[in-house]
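Open the model in your viewer and keep the selection panel at hand. The tour goes from one selection to the next and says what is there.

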Amino acid sequence: MASSKQASTFYMTPQEDARIRNTVKTRRQRCRNLAGQPRESKDAQALHSTVTMASLMADMSASSIEDSALTANQHRGDAMPAFAVGEAYPPCFLDLDDLKPMTLSELQMETHHRGRVLRLRREEPVVTFKARSWTVVKDQSTGQAERLELVLHKSELGDELLEAGKSYAIKEPYFTLNDEGEATLRVDHPSDLVVENESSGADSSLTNGHVAEAAVKRAIALKTRGNAALKSQELAEAHTRYTEGIQCLQDSGVTNKDIILDLYRNRAHVNLSLQRYDEAKADAVAAVSKTGADKYTALDNKAHFRAGAAAYGQGEYNEAGAFFETALELLEGADKDAKAFLRRADQRLREQETGAYDFSRIKTLLSAARPRVDAADHYSDTVIKDTPTAGRGLFATKDFEPGELILCEKAFCVVWGHELAAWTSIAYDVRDDKIRGFPAGLSKAIVQKLRNNPSQIPKFMDLYGDYAGLGRELIIRDGQPVIDVFQVLDIVARNGFGLSPAAYKDENVTNASTGIWIHAAYTNHSCLANSEKDFMGDMLLLRAIQPIRAGDEITHSYDFTPDYETRAASLKTTWGFKCVCALCVAEAEDGVEIRRKRQELLEDAVKFVQGNEAKGAKRLTIVKARRLVQAINATYDEKRYEGLPRTALLGIETWLVVAGKGLNGVT
Ligand SMILES: C[S@@+](CC[C@H](N)C(=O)[O-])C[C@H]1O[C@@H](n2cnc3c(N)ncnc32)[C@H](O)[C@@H]1O
């Protein structure tokens, strides 16, 4: 991930660095030694005391960062959670019915129990931290208890996943050691944990007519409970009750009653509030009566409006416009909201097609409370194609002059430093033995967004990452999308960008603002980039800084560091490639000695610029600056650098231009 400079620098003492590596290595070695050994049964009472105490401590603590074996303390006192990456395993992609039940006593250490399922019950509180949550679960058949740890996830309805219910089915359970060396069931992929709500189901002793009657009665009661929950903003509870109502009617074969339309319409409303646009649209469409009878006119208007709002949330402005138009027609034009939204959808379509935005209006509407822009993406003058050496890249389909806007794109997902969702962790990658800052909060938000909007999975999972995971296919099992979380982490690492300069003041290394822009993510790096990115709210603006002709590849710079060694190392570590642009080739040919000399002179030039005011500078100071320019120039071979920028000169030359202006023509 590339970030704003100040936000990406984290400080770790050599001791902390060594402690994190050792903790992970020791755990991995112990896991290898224990692999395949039978699980040792645990004292349920002792587990109960531990989890109760831990949950009390977590509730009382001001910080949600767990003081675990891997937590890294920053020099400035900010604690950062840390975890190991690179030990990827695939999520289960079978339905529950295709898995064979097992018990806790069959668990083996350091084993993924492929093809098996554990059904367990939670009778204990959940201990919740930023990076993980854990609880104690019981096997009802044997009374045995075990620790269950979940890494990084919330439920699709916004609750902590472990708190979304009391009965879990754990698909293909993974039994391992945590960083403290305790044996635990560990869930990384949220679809591997299915929360099973107890449903009373249909009463089989009733005759068909009575079954339907009882189901309708129960559904009405569930709707009332859902409405009460909605009124008090308990969205997850409201969603659960409406879903139970729909399920109970479907199980009893009731399809033609008004109550089912009400339940779908109300659930569409809840889904809109939770930004679950896929289900919101499907619900709203299912809520349309399709009878044409007058008594449904107002309700059908509502359903169409909600379907339009969901399509708008998905960025499907044509479809949204069509829904709003129908909503308006149903009330013969007397619907102010539908009218306003129809206008908004039309404006979004114009932005999408022409790239004409009202930037000054957008700017005035932005604030820390509302940093996300209501605007469409415009990237129709670019296309994604294969490049000879850098995978896929972004290419121009028309000419651009310097300063011209190439594309505008709203973030697929962004977290701002001032939002709780923004937090950085330290990731120790066991594949290349490197420790990096990692936008864990962004990854968590992305997994949540993908679970809520499965239609977005293929385009996100098509982004570049080293780990292939499940690829870009959308797989639904037991009603949930299967998401390979390790694939998400890898994609975020290779495609995430910080919003530099830092967007809001209260931002530092532990909570840097970061995001993903899917189309712009295909833009490859060049140190001689022909475009530059800028941000307005969550919108990324890419502008030409060189003339670009139709068919040219568009590039921007991932790293502006002038020093060749530092830049090459950072491109390798953060992005995994060696840049072979003409500038890097020339600098590589210079050799170590010349590069070192130039770097020393550059540092002198930086000091000089910082220590001397350009405006009104004395003649002698200007002479000094010119000498520095000469010395830097002498490090550049005329022939090798023909047509290439001399980057070490940039600062001092700008200083000279400003100073020269004050000297009234003295050269
Ligand atoms: C944000 S993605 C860019 C799109 C990517 N090329 C793709 O195929 O999807 C970043 C990755 O692209 C590749 N890349 C970008 N610029 C490159 C360059 N100048 N040379 C080689 N690889 C590059 C690296 O693998 C890098 O991690």
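Which residues in H17 meet which residues in H18? From H17, select Arg598, Leu601, Asp604, Ala605 and Phe608; in H18 they meet Ala625, Leu628, Ala631 and Ile632. The residues of this contact divide into 7 nonpolar, no polar and 2 charged. Keep in mind throughout that this is a predicted model.

Now widen the selection to both helices. H17 covers residues 592–611 and H18 covers residues 619–633. Their axes are 10 Å apart, and the helices pack at an angle of about 160°. An angle over 145 degrees counts as roughly antiparallel. H17 and H18 are therefore roughly antiparallel to each other. Look at how one helix passes the other: the crossing of H17 and H18 is left-handed.

Next, select residues 277–286, which form helix H7, and residues 297–313, which form helix H8. The two axes come within 8 Å of each other and cross at roughly 155°. That angle makes H7 roughly antiparallel to H8. H7 passes H8 in a left-handed crossing. To see the contact, show Tyr277, Ala280, Lys281, Ala284 and Val285 on the H7 side. On the H8 side, show Ala303, Arg306, Ala307, Ala310, Ala311 and Gly313. By class, the residues of the contact of H7 with H8 are 8 nonpolar, 1 polar and 2 charged.

The third pair is H12, at residues 440–452, with H14; H14 spans 485–495. What is the angle at which the axes of H12 and H14 cross? They cross at roughly 130° and come within 10 Å. That makes H12 oblique to H14. The crossing of H12 and H14 is right-handed. Leu442, Ser443, Ile446 and Val447 of H12 make the contact with Val485, Val488, Leu489 and Val492 of H14. Colour these residues by class and you should find 7 nonpolar, 1 polar and no charged.

Keep H14 selected and go to the ligand. How many residues surround the ligand? There are 17, and the closest are Ala390, Gly391, Arg392, Tyr464 and Asn524. H14 is one of the elements that give two or more residues to this shell; the others are strand S15 (392–396) and strand S24 (524–525). By class, the shell has 7 nonpolar, 8 polar and 2 charged residues.

Last, colour the model by pLDDT. The protein averages a pLDDT of 88, and 90% of the residues score at least 70. Select residues 1–8: over this stretch the pLDDT is below 50. The stretch still has 34 contacts in the model beyond near neighbours in sequence. For the complex, the predictor gives an ipTM of 1.00 and a pTM of 0.89.

Key. Residues numbered from 1 in each chain as written. Predicted model: local features only at pLDDT ≥ 70, side-chain atom pairs only at ≥ 80, totals over all residues. Axes fitted to C-alpha atoms, helices over the stretch in contact; angles between N-to-C directions. Helix = DSSP H or I, 4+ residues; strand = E, 2+ residues; numbered from the N terminus. Parallel < 35°, antiparallel > 145°, perpendicular 65-115°, else oblique. Left-handed = near helix turned anticlockwise from the far one by under 90°. Contact = placed C-beta atoms within 7 Å. Nonpolar A, V, L, I, M, F, W, Y, C, P; charged D, E, K, R; others polar. pLDDT = per-residue confidence, 0-100. Near = placed C-beta within 6 Å.
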